[in-house]
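Let's take a walk through this protein chain, one piece at a time. Keep the picture open while you read.

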Amino acid sequence: MSSIRLADLAQQLDAQLHGDGDIVITGIASIGSAQAGQITFLSDSRFREKLSSCQASAVVLTPYSLPFFTGAALVVSNPYLTYARMAQLMDTTPKPAEDISAGAVIAPDAILGQRVAVGANVVIESGVVLGNDVIIGPGCFVGKNTRIGAGTRLWANVTVYHDIFIGERCLIQSGTVIGADGFGYANDRGTWIKIPQLGRVIIGDRVEIGACTTIDRGALDDTRIGNGVIIDNQCQIAHNVVIGDNTAVAGGVIMAGSLTIGRYCMIGGASVINGHMAICDKVTVTGMGMVMRPITEPGVYSSGIPLQPNKEWRKTAALVMNISEMGKRMKAIERKLAKN
C-alpha cells in the first residue's frame, strides 16, 4: 500500500482518530525523522518532549500522551503493537519471486499448489509438495520429499534438505540451512566415526527464521520448532532440539543437541545453552547468558560480567580468579571464631 487516508488507516487499526481524517499518509518513519506525509508513533512516555518538534503528519500514541501533541493523532492503548500492524498494512517489500522462472529445475513429480512462485536457479527435487501461495526465492534448494505449507516464503539461497516439514505462513530469510546433519560422531580409539542423522526437522506454522541460521536434523528423533517461534540471524540449533510455541530467540544464540525449551521463552543474543536438558515455559535468558543446567522455574536469568572500564574489569577478574582461595580463608576464619 503506497498511500492511505488517515481516517481509513484509523478504521483498519481500530484506532480513535483525532484531527483531520483526510490527511494522506504515504509512509512511516521514526519520531525524530518523520516529515510531512508520514506517520510515526510514541510508545515510551519518556520521549514525549519529542512531540513538540515532531514534523510527522500524524502520530500514534496513547490517551495519556495525546495532551502533549497538537497535530493529528491515532489514539490506541498499545502504540508499538499498532505500529507493527500499520507497518504490515503499508509494507512495500517485494515478493521473493513472481511466477515460475524458466530457469528453475523442478522434478516432474513435485506437487505445486495454486499461485506458487519459484525464482531463477531454484532446484526442487522429487516428492516435494508446495502448498498454495508458497514463494521460493532465487537460488533455493528444496530436497526430496520435503513439504512446505501454504503461504510460506523463502528468500534467496535458502537450503532445505530432504524430508523436512515446514508449516504454513512461515518466513525464512536468505542463507538459512534447514536439515543439515547434526554433529553426531562416535570415537573409535581416536578416530571419529560419523553417525548418519536419520531424523527430520519439523517446523510449525507462523515461524520466522532470520538470515544464515542453521537448524540441524535429528539424529533419530526429529528437531522440532513450535508454532509462532521467531528466530533471529546466525543462530545454531543442533540436532533434536525442541523449541516450544511462541518462543523468541535473538541473534547469535547457540543451542546444543537434545535441548528442550518451553513455550513463551525469550533467549537473549549470543547466549549459549547446554544440551540434554530442559528449560521450562516463560523463561527469559538475558544476552550472553551461559545456561549449563536445567531451568525449572519461570523468571529472568542472567550470567556473565557486564562491560566495565578496563582497569575496573582487571580488578574484577583478579577477584574472580581468587574466589576459591578467598573461600578457603573465610572458612578458616569461621572455624577459628567458632573455637573462641
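Strand β5 (residues 38-41) and β6 run parallel and are joined by 3 bridges. Strands here are DSSP runs of E with at least two residues, and helices are runs of H or I with at least four, numbered from the N terminus. Two strands count as paired if DSSP finds at least two bridges between them. Across this pairing, I39 sits opposite A58 in β6. β6 also runs parallel to strand β7 (residues 72-75), with 4 bridges joining them, and V59 stands opposite A73 in β7.

Before going on, a word about the model. It is predicted, so local features need pLDDT of at least 70 and side-chain atom pairs count only at pLDDT 80 or more, while totals for chains, interfaces and linings use all residues. Residues are numbered from 1 along each chain as its sequence is written, and side-chain values use heavy atoms, with hydrogens and water left out.

Back to β6 (residues 58-61): A58 and V60 point one way, V59 and L61 the other, and all are buried. In a regular strand, side chains alternate between the two faces of the sheet. Buried means under 20% relative accessible area, exposed means over 50%, and partly exposed is in between (1.4 Å probe, protein chains only).

There's also an open sheet of 9 strands, paired in parallel, in the order β9-β12-β15-β18-β23-β26-β29-β32-β35. Its edge strands, β9 (111-112) and β35 (278-279), each pair on one side only. Inside the order, β15 (residues 147-148) and β18 (residues 165-166) pair over 2 bridges, and R147 has F165 as its bridge partner in β18.

Now for three residues in other spots:

| Residue | Place | Relative accessibility |
|---|---|---|
| Q197 | loop between β22 (191-194) and β23 (201-203) | 6%, buried |
| I305 | loop between β38 (299-301) and α3 (310-321) | 49%, partly exposed |
| L337 | helix α4 (residues 323-339) | 58%, exposed |

What does the side chain of Q197 make a polar contact with? The side chain of H239, at 2.7 Å. A polar contact is a pair of N or O atoms within 3.5 Å; within protein, one must be able to donate a hydrogen and the other to accept it, and residues adjacent in sequence count only if both atoms are side-chain atoms. The Q197 side chain also reaches the backbone oxygen of I195 at 2.8 Å.

As for L337, its C-alpha atom is separated by 61 Å from that of I202, 135 residues apart along the chain.
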